[in-house]
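Here's a quick briefing to read alongside the model. It looks at the cysteines, then at one chain as a whole.

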Amino acid sequence: MPNVKESIEAGTIEAVRGLEADRYSEGFVTDIEQELAPRGLTPDTVRFISAKKEEPEWLLRWRLDAFERWREMKEPDWALLSYPPIDYQDAHYYAAPKNAAKYKSIDDVPKEILDTYAKLGIPLREQEVLLGVEGARETAAAARETPRIAVDAVFDSVSVATTFKEELARVGVIFMSFSEAVREHPDLVRRYLGTVVPPTDNFFATLNSAVFSDGTFVYIPKGVRCPMELSTYFRMNARGSGQFERTLIIADEGSYVSYLEGCTAPMRDENQLHAAVVELVALEGAEIRYSTVQNWWPGDSEGKGGVYNFVTKRGDCRGARSRISWTQVETGSAITWKYPSCILRGDESVGEFYSIAVTNGRQQADTGTKMIHLGRNTRSRIISKGISAGRSNNTYRGLVSVHPRASGARNFTQCDSLLIGSSCGAHTVPYIENRRADAQLEHEATTTRLSEDQLFYARQRGVGEEQAVALLVNGFVRDVIQKLPMEFAVEAQKLLEVSLEGSVG
Amino acid sequence: MLELKDLHARLTLEGAPDRAILNGVTLTVPAGEVHAIMGPNGSGKSTLSYLLAGRPGYQATSGSARFLGEDLLSLEPEARAAKGVFLSFQYPVEIPGVPVMTFVRAAMNAQRASRGEAEISAPDFLKKSRAIAERLRMDPDMLKRPLNVGFSGGEKKRLEIYQMLMLEPRLMILDETDSGLDIDALRIVSEGVNALRSPDRAMLVITHYQRLLDHIRPDRVHVLSAGRIIASGGPELALQLESEGYDALIAGAG
């Protein structure tokens, strides 16, 4: 972009500073009777969680081993993030609505929780998904045409409802909460759990391995194209708790699945810890598309409150010609520490990472990806768009690693940063490790300030200032938005507008 | 329609010293008329256009500017646009990722909304867009591309006029629209501009050269020098400048 000015109106900066908490419409609290693990983190906490979930002995052992390991580990400090020390003993590691284990069907789920999801726009009743179509007769026909989404709803530490399970089961797709999968498909879980993100992987992943609560388990059988989008909607509600979900998706040979993940939390003036682990396994010829719209409470304009989001997401392209694609829209959280990665083990496997990370107010994000090329003729593509406003800091951190066996490996990386105002920061930290002379690695990076010239041009044509910013930002992120599933793209676009409201004066 | 009275202005940009840019401009453009503003580089021509459009940093210090009887200088740029002020930029900016039609439709609907009108329907918009693109001999594919990105100088100017025809403003300010246009393009663009001439519209045409005025015939010609109008006359004044240059006139005015 030419004509990039060093300055932007003083009013712009003022308005950013005045960023109001009330713009976060998901910030309400659901008042419901809770069952909490006692505050603190000891082997007994781990036993408490495991017992709540009626887990087999091997899993309890697995957790306890991770816990022992975690006690020896140090919190990483290499990210460009600053926050006061976290007291890991000062949180509840399990929080669930009372009697949650007993929900046999959607009819048992308390009204407060159903209302919560309704308010968030997440359909939990399968028939609701089909509503909005005139006449019952047309419903079935319409259902074939309108895209349907199966939802696993995770409320604090438990999954409260999972839709379309039966219909998916008919084609052999397993879609259920992680806790259920441990009971119903222990062999599958045991075979794959921890094989992509080992329990010793890093401080936060190891913590998760010890105390993980609920999450989603997906298995797509050989040759099956999953007939609908699968999704998990994570909601953190309880005060003084953290969320430690674990998601495991296995796409067997030649299968395909598109999975969406959404997250929100109430506005609380304490910091809530979220340390999730997501593991993806793509076998020969399989494809997994994983999309995230992360909208955890970012804290108020002065940086009070907000979610600390320390997440380990990794996909293993285990089979030849497999493909994993991560698309993320990160607008929430006070702190984001997240590097969805691909291990390109299978020959000719493909890894992709498309990211939009927006920070405003006092938010800090250190996010990116790792593409580990192990197999022959593996390809990866990284498109990262960082937008910083207010007094926030936004860092892209990425690794492209080409191992000796990975002949013909190719990577293309493009990192663009957009600055709004002059009190924010954008940083790009790309690491490249190459052990092959024949690798083709391309890296492009740009940093631009939202230009006053562009804003004035749009305003001269009649577009108001806030809408002009939204228009320019949408232009900036367009190539990533286009990678999102349709329904998510619309949501993401709206979210961008809300996230950047008040970023100009 | 447009009335400027003893307008003084300063340019205040962060990191640069303030400087006076207009030193008392008085000018009346009645509805239905086309006025040309000519003058050497640095005389304040573009400044005047930015000031009227409301560009941040361009501040009136005294005098007044009224458009349709209203104080123009108190309005935000987008409010001026909604009232019908259109500036065809000398250097149109590039907006990556935003297709031309998306941009123009957003502009049109924003203007309509602020006037309390309903949004234009997609078919009506497309129909209008197609007709105007055809009139300006524009490749329709150009309208699907990000605004001005990778466009030639001439294409950018043509696109300004496309937007002007789409938005149908009341006061059109053309800032050196002729630069970057070859002779054929100049004729096509001028035809487009002339099509908007009407008794309830007015136009300010800023140019260095007579050649644009062969196509867009002005009713009055004003010569701007050092932030003041030093001469006004009919179309013959432009011809006189073409043959004698600005120097003689400026020396005479000094």
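Buried means under 20% relative accessible area, exposed over 50%, and partly exposed in between, using a 1.4 Å probe and protein chains only. By that yardstick A:C317 is buried, with a relative accessible area of 0%. This is a predicted model, where local features need pLDDT of at least 70 and side-chain atom pairs count only at pLDDT 80 or more, while totals for chains, interfaces and linings use all residues. Residues are numbered from 1 along each chain as its sequence is written, chains are lettered from A and ligands numbered from 1 in the order in which they are written, and side-chain values use heavy atoms, with hydrogens and water left out.

**Cysteines**
- Over all chains there are zero disulfides, a disulfide being a pair of cysteine sulfur atoms within 2.5 Å.
- A:C317 is in no disulfide, and its nearest cysteine sulfur, that of A:C342, sits 5.6 Å away.
- For A:C226, the closest cysteine sulfur is the one in A:C317, and at 18 Å that's too far for a bond.
- A:C226 counts as buried too, at 8% relative accessibility.

**Chain B: fold and packing**
- Chain B has nine helices and twelve strands; these are DSSP runs, with helices being H or I of at least four residues and strands E of at least two, numbered from the N terminus.
- Its C-alpha atoms fill a box of roughly 55 × 40 × 40 Å along the principal axes.
- Of the 254 residues of chain B, 54% count as buried.
- Take the contacts in chain B (heavy atoms within 4.5 Å) between residues at least 6 apart in sequence: 69% join residues at least 24 apart.
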